[in-house]
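These are my notes from a session with one chain. I looked up sheets, helix packing and nonpolar cores, in that order.

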Amino acid sequence: MSGAGSSAATTRSAAEYRIEDLAHASGATVRTIRAYQDRGLLPTPERRGRANVYRDTHLARLRQIADLLDRGYTLASIKELLEAWDAGRGLGGVLGLVAEVHGPWTDEQADRITRDELHAKFGGVQDDRAVTEAVELGVLERIPGRDDEFLVPSPQELSVAVELHAAGVPLTAISGHLRELRGQVEHIASRFLEFTTEHVFARYLGHRPPTDADAAEAASLVRRLRPLAQKTVDAELARAMRTFATRHLQHHLGADTPLTPGPSTSEPRSVPLPPETMRAVQRLVGPQNVAAFVAAAAEREVQTRTLDALATSHRESGQVGQNG
């Protein structure tokens, strides 16, 4: 009986929904719809008899909310955006900015790979643990209903793992390195966003939400600045790799070259003393005076070496003057 009534209502007006029909069309639950209504995120439905009647505007609003939630916005911030829309300020520019920020930050296209193809790339050995780790890291994404196939968001990243494994690097080491690298790269991305927000975007985001014009201009700037972070990192990575690759090569070929730069002379560092030396100092000055004695001895040594260096320099300059 109720099903026939619902069909009749749908036939009478395709723009009218009972709450159950709205839930089915939007993908939200009845409970969620009521919660949104209580929080003021949905317009008040029309009351017809004992039932509420919703329209296409409610369906469009639910889809907007779902999209913004997927993009990481909280319900509180979504309410601010929707209130601005209802007040006539418009959301076109804001949603354009949201779309721009959430757009692709690379020209790389995602790909798909079967489980058999994946195993073949890594030497033909089935390693379910490695696959699970790759999914956790986002290198692979499961496809609902397809246990034998994965989405590859970044084929380049997967190809790097394949090459490293072919060169002899264990899969566990590759995933561990990626976890470490990702933390460092995320820090770089965060700092770049803080920098650009402070010096570029702060003036456009002073309003909550920003005006259509400010949001549109900020979206244009995002398009312009989008490649700058990657270009900067590429250039700095090339410089660092050139420096450190040379240092590594010299070190492993036997040259007396440290793998990492030495500590700055302006920064203090610990220098271990032999235990017998420490015991001798304690007997000489007492345990309570060891630190002061060592500091005074070190300072005296520095002064002596400085004077020696100055004297040597003076003698050499004198010899040069006589020879000249």
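Before the hairpin, a convention: two strands count as paired if DSSP finds at least two bridges between them. The model is predicted.

**Entry 1, the hairpin.** I started with strand 2 and strand 3. Strand 2 covers residues 46-48 and is joined to strand 3 by three bridges, the two running antiparallel. I looked up individual partners next. Glu-46 has Val-53 of strand 3 as its bridge partner, and Arg-48 has Ala-51 of strand 3. The hairpin leaves two residues between the strands, and Gly-49 takes a positive phi near 65° there.

**Entry 2, the sheet around it.** I then asked which strand order the sheet has. The order is 1-3-2, in an open sheet of three strands with antiparallel pairing. Strand 1 and strand 2 are the edge strands, each pairing on one side only. I noted that helix 4 packs on this sheet, where it touches strand 1 and strand 3, and that its direction makes about 70° with that of strand 3. For the other pairing, strand 1 and strand 3 are antiparallel over two bridges. Here Glu-16 stands opposite Arg-55 of strand 3. As a general reminder to myself, strands of a sheet pair through backbone hydrogen bonds, either parallel or antiparallel.

**Entry 3, helix 2.** I checked which residues of helix 2 are buried. Helix 2 spans residues 19-26, and Ile-19, Leu-22 and Ala-23 are buried in it. Looking down the axis of helix 2, I found its buried residues within an arc of 100°, so they line one face of the helix. I listed what these residues pack against: strand 1 (16-17), helix 3 (30-38), strand 3 (51-55) and helix 4 (56-70). Just after helix 2, Gly-27 has a positive phi of about 90°.

**Entry 4, the nonpolar cores.** I looked up the largest nonpolar core and found 18 residues, with Leu-22 and Ile-33 having the most contacts inside it. Helix 2, helix 3, helix 4 and helix 5 (75-86) are the elements that give two or more residues to this core. Helix 4 supplies the largest share, four residues. I followed Leu-22 further. Leaving aside neighbours within four places in sequence, Leu-22 is in contact with Tyr-17, Ile-33, Tyr-54, His-58, Leu-59 and Leu-62. There is also a second, separate core of 15 residues, and Val-131, Leu-137, Val-152 and Val-162 are among them. The general background is that nonpolar side chains tend to be buried together in soluble globular proteins.

**Entry 5, the other sheet.** What order do the strands of this open sheet have? I read 4-6-5, three strands with antiparallel pairing. Its edge strands are strand 4 (111-114) and strand 5 (141-143), each of which pairs on one side only. Direction ignored, neighbouring strands of this sheet are turned by 40° against each other on average. Strand 5 is joined by three bridges to strand 6, residues 146-152, and the two run antiparallel. As a specific pair, I noted Glu-141, which stands opposite Leu-151 of strand 6.

Key: Residues numbered from 1 in each chain as written. Predicted model: local features only at pLDDT ≥ 70, side-chain atom pairs only at ≥ 80, totals over all residues. Heavy atoms only, no water. Buried < 20%, exposed > 50% of the residue type's maximum accessible area, 1.4 Å probe, protein only. Arc of directions from axis to C-beta. Contact = heavy atoms within 4.5 Å. Axes fitted to C-alpha atoms, helices over the stretch in contact; angles between N-to-C directions. Core = buried A, V, L, I, M, F, W, Y, C linked by side-chain atoms within 4.5 Å.
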